[in-house]
Every structure is written in C-alpha cells, then in structure tokens.
Protein chains: 2
Amino acid sequence: MESVRHSSFLFDRIFCDEPASTSSENALEGFDWHIGVVAGGWSMSKRALSVTREENFPEWYQAVVRDGDMAETSPVRGCMIIKPWGWGIWERVQAELDSRIKDTGHDNCYFPLFIPMSFIAKEAEHVEGFAKEMAVVTHHRLKNEDGKLVLDPDAKLEEPLIVRPTSETIIGDAFQRWVKSYRDLPLLINQWANVVRWEMRTRLFLRTAEFLWQEGHTAHADRDDAMDETLRMLEVYREFAENVLAMPVVTGEKPANERFPGADNTYSIEAMMQDGKALQAGTSHYLGTHFAEAQNIQYQSAEGQLTYCHTTSWGVSTRLIGGVIMTHGDDDGLRVPPKIAPRQIVIVPMLRDKPEDDALVAFCTDLEKELKAKGIRTLVDLKQLKSAEKRWNWVRRGAPVIVEVGGRDVASGNVTYMRRDRLRDGDKVVSTTMAKGEFVAGAAALLDDIQATLFAQAKARLDGNIISGIETFDALAGYFGAAQADDDAATAFKGWVRVAWSKPEGAALDAIDDRLKALKLTIRNAPLDQPAIDGQTCVFTGESAKQFVLIARAY
Amino acid sequence: MESVRHSSFLFDRIFCDEPASTSSENALEGFDWHIGVVAGGWSMSKRALSVTREENFPEWYQAVVRDGDMAETSPVRGCMIIKPWGWGIWERVQAELDSRIKDTGHDNCYFPLFIPMSFIAKEAEHVEGFAKEMAVVTHHRLKNEDGKLVLDPDAKLEEPLIVRPTSETIIGDAFQRWVKSYRDLPLLINQWANVVRWEMRTRLFLRTAEFLWQEGHTAHADRDDAMDETLRMLEVYREFAENVLAMPVVTGEKPANERFPGADNTYSIEAMMQDGKALQAGTSHYLGTHFAEAQNIQYQSAEGQLTYCHTTSWGVSTRLIGGVIMTHGDDDGLRVPPKIAPRQIVIVPMLRDKPEDDALVAFCTDLEKELKAKGIRTLVDLKQLKSAEKRWNWVRRGAPVIVEVGGRDVASGNVTYMRRDRLRDGDKVVSTTMAKGEFVAGAAALLDDIQATLFAQAKARLDGNIISGIETFDALAGYFGAAQADDDAATAFKGWVRVAWSKPEGAALDAIDDRLKALKLTIRNAPLDQPAIDGQTCVFTGESAKQFVLIARAY
C-alpha cells in the first residue's frame, strides 16, 4: 500500500532542517536560499533552475549543464571538462552501446591520435570536407629561451600531423595491410576515442572542439554486404537511442549535400528537442569503394581476382548527452533515464548533528545494501551539506529516484521517495511513502516505469509535432516564417514539417539549400519508413516527387 | 576422472586435418607450415615463435606482440595500433583497476587533450621535466594551395597548445575553481586518457609517443592526508598487479633524481622481467604544495584561514601490457592471466567441410553456452582457417585454456583441453581429457589455478633473483660487469641487487647516477618493506647507510 501526498513536502522539510524559519515570508527566503544558491538569484519560476525552457531555451540548457554538475568550459578554447555526473552518464552510454557493437560482431581496436597530413589528402572529397578546421601539430619540442618557453625551431616536423577529426584514412591504411583474402572479410572494427574539429561556435556537449565518440569502420566484399552493415548499425543506434536513452528518433537518409565527405550514402537518426529543433544524434555511412581505391584496400576473391572492398563507417558522440538533456530536462534540471543514470536511487539522510543521526545512517546504508543486492546503482549521500541542499542538487542532476530519510521514517520503517520524472503536481512536489520492504521489492519495476514514462513523453512530442500537408515552398516559409526574425533564444516551437520532394542533386539541390538556409532551415533526412509518394509534387521544384523529407531547424 | 596425455598430440592432430601428410618429413613440413606461416621461416626451437627468449629477448618480445595479435607499429612515428586481442586485455585492465579506483572513493572526469603553453610554464620543476619532448599544436587550419595541402598562415594560434604529456596543470586549474572550503576536501578525481610524450626510441607498449593511461589527481587539507592517499594508491597498484596481472612487484620510494618533475616523493611498483630487467609499472606521487602554490589551489579551513592544498597524482599505463608479456610469455607466445584474458576459454572445432561438422559445431556452441552461464568469457572460433592454424594462433595469443573438439569427443561426450600455462612436457604438448560436465563444473577453478600458477612462477623468479651481500661499488660493477660490453639483445640474466646506501641528494646523487649509468644500471626504489640497516655502509660513498635500494638494468 502506498500513499501519495500532493503537498509542498520538500518545503516543509526545509523548515524541519531550519526550525527558526517558520513564517511564510521566511519560507520563501528559505526556498530561495536552497534553490538560488546554485542557480543564482531569485527565481520567479519557483523551480530549481534560474531560467525556464520557455523563457530562454539556450540559457536553460546551460543552466542544466552547469547546475546538474555535467560539464564546464575549460581554459582551452572550445574544449570542455566533463564532470563526474556527466562522465558517469557517458560511462553508461559507452557500456550499453559497446555491448551492442560487440554483439553485432565488431572488435575494438585503438589507432593513433595523429594522422600524417598526406593521408588526409588521399581522398579528394574527404580533403574538401575535413581539411579545413583541424588542429595541426608542427613541432615536437619547446625550449627555454631567456626564461621563456618557446617553440624549438630545430624540432619542426618534416610532415605536419593532424589531430584526428575522424579516422577513415589512418584505419584504411591498416585495412590495406590486414585484408588479403575474401576470408578476411567482413573486417569489423570499432574504436572509442577523442577527436578534434576546430569549431568556431561551441556549446557544451553539442559542439565542442574536442569530443569523445566511437567510430566503427568496416570492410566488405561487396556493396550488398556493406549496405547491410550500414543499415544494421543505423538500427543499432535507433534501438539504443530509444531503449537506453529513452530518446525517440527518426531513421533516414541524409540528402546529398549533407553526406559525410567521401560517402555514397549517409544515414542518420534525428531526435526532436523540446524547442522543436532537430538533433542529428548518430550517422552511418556507406562509403562505396572511394576509400578502398584511395588506400588500396583490396582482397583476393575466391576466384583469385583482386577486388576493391566496400567500406562503411558510423559513429555517435558525447553529443548524445546534449540530446538527453534537451529531450528529458525540465525546469528543475535534468531527468536522467534510469538505464544511463550513474546513480539510479539516491538516499539523502536528514542529518541534524544529533545522536539520532547514527540510527538514521544505519537505516540508509541498510536500504542501500538491499537495493544494491538487486543490482540497482544506489548512493547514500553523506556529504557535509544541509539535506535540503543535497536533495535539490540531486533534483537538478536528475537522479531518477530520490529517497529522503528522516526520524519518522526510521521509526515507522517507511521510505518516502520522489520520482524525478513526476516531480511536481502544479508547483507542488509529489512524494510517495511506503513500507521499506515494499519499496525495495518494487524498486526495479519503478525504475522501468520511469524509463518508460520518459520515453512515452518524448515519443508523444515527436509524433505530435511532425506536420504534414504543406505543399508549396511559400506555405513552408509561412509556417516557419513567424519565427524567422526572432533570435535563437526566443524561437517559437515549430516542430518538423514533412514535405514531398523530387530529390534533385547538384546545382538544383544547392539552390534549395540556399532557400532553406535563408529561413534557418535544413533537410534532416528522408525517413526510411514513409508513406507512398504517388501523385505528390515537389515542394521546391513543382516536379513529380520521389520521396518525403523532414524539414526543421537544427542543432 | 581426468586422464593426462603426454604426447605430441597437437602434431598428431595436424595430420588428422591433413590426411595426405603422413611421412615424418612431411610431418615437419606440416609443423612448419602451421607454425611458420606467421612467425616466418623454419624454427629450430620447435616452438610457436621464430625466436626464443634465450636467443634474443628483444626480438622475442616483438614476435610475441606481432604473432599474438597484440599491436603493431603505425605510419605515425612512435604511435602504435592496438589490435583486438591487445585491446581486449587493456579493456580488462581498465575494468579491474577502475572498480578499485572507484571503491577507494574517486570519481572519473575528463579534461581537455590540449594544455595552453603558459600552463606548463607555471611550475618550475615541471617545466624542466616536461617542456622538452612534446607535441605542439600551432595552427588550426590547412588550406589548399595549387592543389596541395599546406598550413594556413592566417590560422596560427596566438598561444601554442601542448598535447597533454600529463594533466597536473590543467586539472590543477580546475581544482583552483572547485576547491573553496575544507568541506570540499579531499577532492578525489581520476581520468582515463591518451597522452603524448615525444620519445626518440620507442618500443610497442613499453615506450610509445602516444600511450593510454589513467591519471589520478587529488587535493587534500594537509600533508598526512595526501601522503595517506599516495601510499593507498601505491597499495592499490600492488594488489592489482599481483592479483589481477599475476605480476609480483616491489613497492618503494624512488631516489630523488628519479622523482616526477614537481614531486616531493615518488613511489613506484617495480616488476622483474624474464631477462632480469626491472620495469617501472606504476607510480604514485606526493606533490606537496608545489602545484597548489603555482596554481593557487587554496581552501578555507574550519577556522576560516586560507590554506594551500597538498596534492597527489598517480598513474599506470598501457606499459603494463608490456610487463604482462615479459612476465608471462614463453617461447610459444603470450600466456594471458585469466583475469585479464578477453577470452578465457577458446573452443576450436576441428571442422572438415563434411556433414559431421554440424554436430561438431552444435557440441561446441552448447559447451560455450554452459561456460558463459558460469560467467566465463568463452569463444567458439569458427573462422575459415584450418583448425591447426587456429589452435596455434590461440597458443600464441595466450588464451588460458584451449579446447579442441573432434568427432571422437562428440561421440564420447568428452572435452580435450590444453592449459596454456603448462602447454608442454619437454617438447611435447600436454592435453587433458575429461567428461564435458566435469570440465564445465571445474572450469572456474581451473582458471583460478592457472592464475595462481602464473603468479607463483613469477613470484619465485622475483624472490630468487634479488641478490644481497654486495658491499662495494667494485663488487657491484663486477657482478653486472660481465654483461656490460654486450648489446641489449644478449644481456645475460642478472636479476637485481639490493645494496645499502646513505641516500645522498644533489651533486653526490648525480655522481652516483653517472657511475651507474656507465654500467647501464639504475636505482629502482628503496623498498617499503626492508630489513634493519644497522651498521651497514653505503656501497657508493662508504658512509653510514640509511636504507637499502634495489639496483637493476631497466626498461
């Protein structure tokens, strides 16, 4: 039996901690002190962050990252410091995805951080795509000159080294040595690594100069096998995004102008953020024989003929964490899906520096032990902070379940907890009390329910905000136009629009791209799962349409 | 009931696979074909590698790394490619050590790959130690000039960036922001990362320009707490090296001239390789307040006073894998301790492209399933290679247990396996046959026994080869002298020598260092666990001795 209290329970408890403050004016001050100490200043929203999604989505994002102890900017331009809570989420992302990558037959390897400049130059389109903003190592020594550190001109490298922006060329060079016969195929390799792309405008997790990712690289005997791999890994990403990150996505093919440099086909998973923008959350590329030809990756077929391999590559990055934040965060901070939460249940003992504290801590560590025995990642927060401060820290970090244990709970053998996915009813915080044994027995199911709820909320948002029925470019412009003049911060929620198009390439596609760019719009992808296109005309050219594509503002 | 066969079982089986080759001349050719195809050429040693430890230890090391599919050199000077088997071992090393680092209260974070040049300059000794051989990023863009990629002079960085050789300075900068009060201490952080030191002479795993490691960084209120941490992590390394890597080590303090740049005290774990040389396998540093003062890491004490923190750092790297190879490898290749083996039991079905193959594969996958259910990392090797070739590949890689399944095994319900730690009796390969159920029931204990056997062998080598009783420098030189003129390849096994010394510093220590260097010797460490020094005189200075130190050739 559980009893659900809809009350301002947490605020009451603040004043259990602070018995001096009992007037309603002080109550607000107390609230302010606990909430505002991190978020900075009084929040009219009465929420745990200083800014709401509606007020300013980009500032809200930064507040979640900062106040949720996820990451911070570093003194190195565009590079971030990932803090323990953010890193813990990334560790879970890695573990879950890595097991899927291994289950589909891939082996992990590690290739060098540096790529000789000449390697980048081998594949023509690849050069165009990547030869621009990269970190270039030119020297291998500093020297002390008049007490100042300077470059040692005697230590200039003969050939500059590029800090890898992606590893197709250096891994392709290894494939060229490793692949001899059809028996060596398919060659299925993955690596977890840091990469660097010198971005001008950076945003934590979403776009940073250095980021962390996995990059799969495979070689196959023919196009069919390589295309199967490309789509298999796209499906791995979809299943992972939806079942682990609770982030629904649309799988589809990118238009030609958005392909990876050197790819024949690029597929993506696209997720809808709470501001209606799209986030490209993962890509899978069929590279044809371009890299194989540039790098001489050939195999001897069963018939003895030397043949170029067909290769693929696919990757997801720390950008996923930005997607999780913008999919699940609310005005109290982050809500972490249980499957990737470093701590799924956090227990906060309401300590008062009194002798009763010992019994309280014993109750909490006992509860922790029982939950851990069920495989639940649990923490008793014994930090030297006021319990109200700890509680709100965990709300902002988005621990799925927060248990608060006070003297009454110990006496009654009860557990009182908050579900982070349903923190409030209106402005009031909701808590549930039940017998400890019952809580422990139901904890795994509770976490499953939170995971499912987060997914259902995000899925309803995605499904409900893909607009169809727009048949002309003017109508498209009109739909998005209201937001056109606005700046990023105040862009109205518009969702995505599904339009029919004739799939032009080359100059015609460039012209469409320019018209969309003027509206800050992009073609996200052509969904793999789409209705029949019969009789539709292209929204851009008026010609007979070949497929539907999704149009959206995007990160 | 098990029956142990001492026979040339594997060679027999080769000819089961190749029924045409039955003469004894062909037998040798068959052996050569299976063994020599990777190792290259005929081996007089009748072992799976083309060179033995005794013939040429450095070449043997390279053969193990190459033929065991551990790693290979890359086209980037000094950087290695870690291949799936080597990477799988590193993944196990990471998992085992990471859980120990977390269990001792540390959180993982991630800090930038790049360090501004000015950061390195902050701590004077650190500059001296690290400002020399480092990769320096000077530009952030290339451009296409007359069809050639060149540095874009407009994209020169205002301040060069250093690819981290270690992260004390960039992490210290964060600590300076994160530490405010005594309540924030101790601050216990770790990161897993790649680092770069521009080494002139590189050797796979042992010394590479880029390597992978974990680096712990902590801040404490006072010296005692920081020193406790320094020694706690040294002990974590010892326990990990001995219980997980099966590599016995000596813990101790490095002499002043071997300290980490900027440290007050540096401690190490030292392991004895099979050529008698020492390998520094991990270090833990007490940094005093040097970095705190250089980077202004201060806290407010309970009494309200601003005080500098005492900091530590500690790390182990992919070098450990080199240590595992040189501790456990034999003339047939690597022997991987079960706790870090990516595959603990490998099952090789002896397929013959006949209808009976189906029953054979079913037997193997059933066995795999039963072993996996017991938590044992198992693989059925279904690659399109001859089974004898597969078997020897796994011998060279050092899978702890190799099971070969032929038609007779399926018929009798038996399992025939080799223990990689006891592969041979003389030249003959030893295999054991037992009922399948019995094998599965005993598999975990078998792996434990292999782990224990590998440790016992290495421990006996270490304990039996630390020589004491040498009391003068001449005697020391005499002991090692015989090997002095030899080149690396043929250095005779000498083990380590324990001598008494007076622990001089400064110029006196430099002079000792020079004398030792002339003999290619170094002081490894002063063991924490050492006998009473009463009445001994220093082997270098003749003065009254303060402690014992270990002298050895080293990697």
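**Exercise 1.** In which sense do strand 6 of chain A and strand 6 of chain B pair, and over how many bridges?

*Solution.* The model is a predicted one.
Step 1. Locate the two strands: strand 6 covers residues 133-145 in chain B, and in chain A strand 6 also has residues 133-145.
Step 2. Read the pairing: the two strands run in the antiparallel sense and are joined over five bridges.
Step 3. Check one bridge. V136(A) has H139(B) in strand 6 of chain B as its bridge partner.

**Exercise 2.** Describe the side of chain A that touches chain B, by number of residues, by element and by class.

*Solution.*
Step 1. Take the contact criterion: C-beta atoms, placed from the backbone, must lie within 7 Å. On this basis 49 residues of chain A contact 49 residues of chain B.
Step 2. Find the element with the largest share. Strand 6 of chain A supplies 11 residues.
Step 3. Sort by class: this side of chain A has 32 nonpolar residues, eight polar ones and nine charged ones.

**Exercise 3.** Find what turn and what shift lay chain A on chain B, and say how the two copies are related.

*Solution.*
Step 1. A turn of 180° with a shift of 0.0 Å along the axis places chain A on chain B, with an RMSD of 0.0 Å.
Step 2. The copies are therefore related as by a two-fold rotation axis.
Step 3. Locate the axis in chain A: the C-alpha nearest to the axis belongs to V137(A), at 2.1 Å.
Step 4. Compare the two sides of the interface. Of the interface residues of chain A, 100% are also interface residues in chain B, so the copies meet through the same surface.

**Exercise 4.** List the domains of chain A and describe the contact between domain 1 and domain 2.

*Solution.*
Step 1. The domain assignment gives domain 1 (3-42 + 338-462), domain 2 (84-328) and domain 3 (466-552).
Step 2. Domain 1 of chain A brings 11 residues to the contact, and domain 2 of chain A brings 15 residues.
Step 3. On the domain 1 side, helix 14 (residues 436-464) of chain A gives the most, with seven residues.
Step 4. By class, the domain 1 side that touches domain 2 has six nonpolar residues, one polar and four charged.

**Exercise 5.** Determine whether strand 10 of chain B is mostly covered or not, and name strands that pair with this strand.

*Solution.*
Step 1. Strand 10 (residues 210-220) of chain B is mostly covered, with 10 of its 11 residues buried.
Step 2. Strand 9 (residues 187-196) of chain B pairs with strand 10 of chain B in the antiparallel sense over 10 bridges; L187(B) stands opposite A219(B).
Step 3. Strand 16 (residues 310-317) of chain B also pairs with strand 10 of chain B in the antiparallel sense, over eight bridges. Here T218(B) stands opposite T312(B).

Methods. Residues numbered from 1 in each chain as written. Chains lettered and ligands numbered in written order. Predicted model: local features only at pLDDT ≥ 70, side-chain atom pairs only at ≥ 80, totals over all residues. Contact = placed C-beta atoms within 7 Å. Helix = DSSP H or I, 4+ residues; strand = E, 2+ residues; numbered from the N terminus. Nonpolar A, V, L, I, M, F, W, Y, C, P; charged D, E, K, R; others polar. Pairing = 2+ DSSP bridges. Least-squares fit on C-alpha atoms with pLDDT ≥ 70 in both. Domains from an automatic or database assignment. Buried ≥ 20, exposed ≤ 12 C-beta atoms within 10 Å, placed from the backbone.
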